[in-house]
Protein chains: 2
Amino acid sequence: MTPGEIVTALVTACERRDLDAVCALVTDDIEYDNVPIGKVFGPDGVRKVLSSGVMAEAAEIEWRVLAQTADADTVMNERVDRFLVGDRWIEIPIAAVFRVRDGRICLWRDYFDLDTYRKQR
Amino acid sequence: MTPGEIVTALVTACERRDLDAVCALVTDDIEYDNVPIGKVFGPDGVRKVLSSGVMAEAAEIEWRVLAQTADADTVMNERVDRFLVGDRWIEIPIAAVFRVRDGRICLWRDYFDLDTYRKQR
């Protein structure tokens, strides 16, 4: 898989909340940074974040990729991460940076406005 | 110039506050979206945003590009936009999307956390 395909696989694994598939796509020392919130490290850190909060609450999850670009091992994407909670969709506009090493993601950094999310809760 | 080189020229023109150079790099219908704040359109809109607020106040401006990726006419970059105001540097972590048409930028979308900026004012 190309770095771009690896990132696409990560996004689709997140949408179906397949955390084993997510963890198989990241390095042991991955840095996962939700920029306005903070960083976690390693597959356990990723698993904890992706199994809590709105990821746990949502009845459905859809991460729409609006754009994706790459340069060697660096991949970026622009997304709208959507979460169906109760009867409405929470939408978070995001731009992200990923770095791939030996076929796995070692950096995942999501840039977004925290208040835009909070105001929808 | 490649789309990536056009974006680099935009960044360096912003750093030296050369708004004529900035406006020469964008289309007449550019959409410039500071995602948590809102959009402006056209060179006049871009000029207005880039000549106000922290852009006007700062004694020095440095936009550090941490990563840049491209796919055809779409360019993305990860930056730390730095502004020297008084005796301290205000720093805004940003990920951005650009689209280039006929050698000019027709879309510029900056993703960042507005509170991260406000707390430094």
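**Close-up 1. A:D113 and the rotation axis.** In this predicted model, A:D113 is the residue of chain A that comes closest to the rotation axis, with its C-alpha at 2.0 Å. Turning chain A by 180°, with a shift of 0.0 Å along the axis, lays it on chain B with an RMSD of 0.0 Å. The two copies are therefore related as by a two-fold rotation axis. Both copies use the same surface, and 100% of the contact residues of chain A recur in chain B.

**Close-up 2. The contact between chain A and chain B.** Here you can look at the 22 residues that chain A brings to the contact, together with 22 residues from chain B. On the side of chain A that touches chain B, two or more residues come from each of the strands β3 (60-71), β4 (74-85) and β5 (88-101), and likewise from helix α5 (114-118). By type, this side of chain A holds 14 nonpolar, four polar and four charged residues.

**Close-up 3. Helix α1 of chain A, end to end.** This helix runs over residues 3-15 of chain A. Its 13 residues, at 1.5 Å a residue, should span 18 Å, and the end C-alpha atoms are 19 Å apart, so the two values agree. Just after α1(A) comes A:R17, which has a positive phi, near 50°.

**Close-up 4. The buried side of α1(A).** Which residues of α1(A) are buried? They are A:P3, A:V7 and A:L10. Because they cover an arc of only 55° around the axis, they sit on the same side of α1(A). Their packing partners in chain A are α2 (19-24), β3, β4, β5 and β6 (104-111).

Conventions:
Residues numbered from 1 in each chain as written. Chains lettered and ligands numbered in written order. Predicted model: local features only at pLDDT ≥ 70, side-chain atom pairs only at ≥ 80, totals over all residues. Contact = placed C-beta atoms within 7 Å. Helix = DSSP H or I, 4+ residues; strand = E, 2+ residues; numbered from the N terminus. Nonpolar A, V, L, I, M, F, W, Y, C, P; charged D, E, K, R; others polar. Expected span 1.5 Å × (residues − 1). Buried ≥ 20, exposed ≤ 12 C-beta atoms within 10 Å, placed from the backbone. Arc of directions from axis to C-beta. Least-squares fit on C-alpha atoms with pLDDT ≥ 70 in both.
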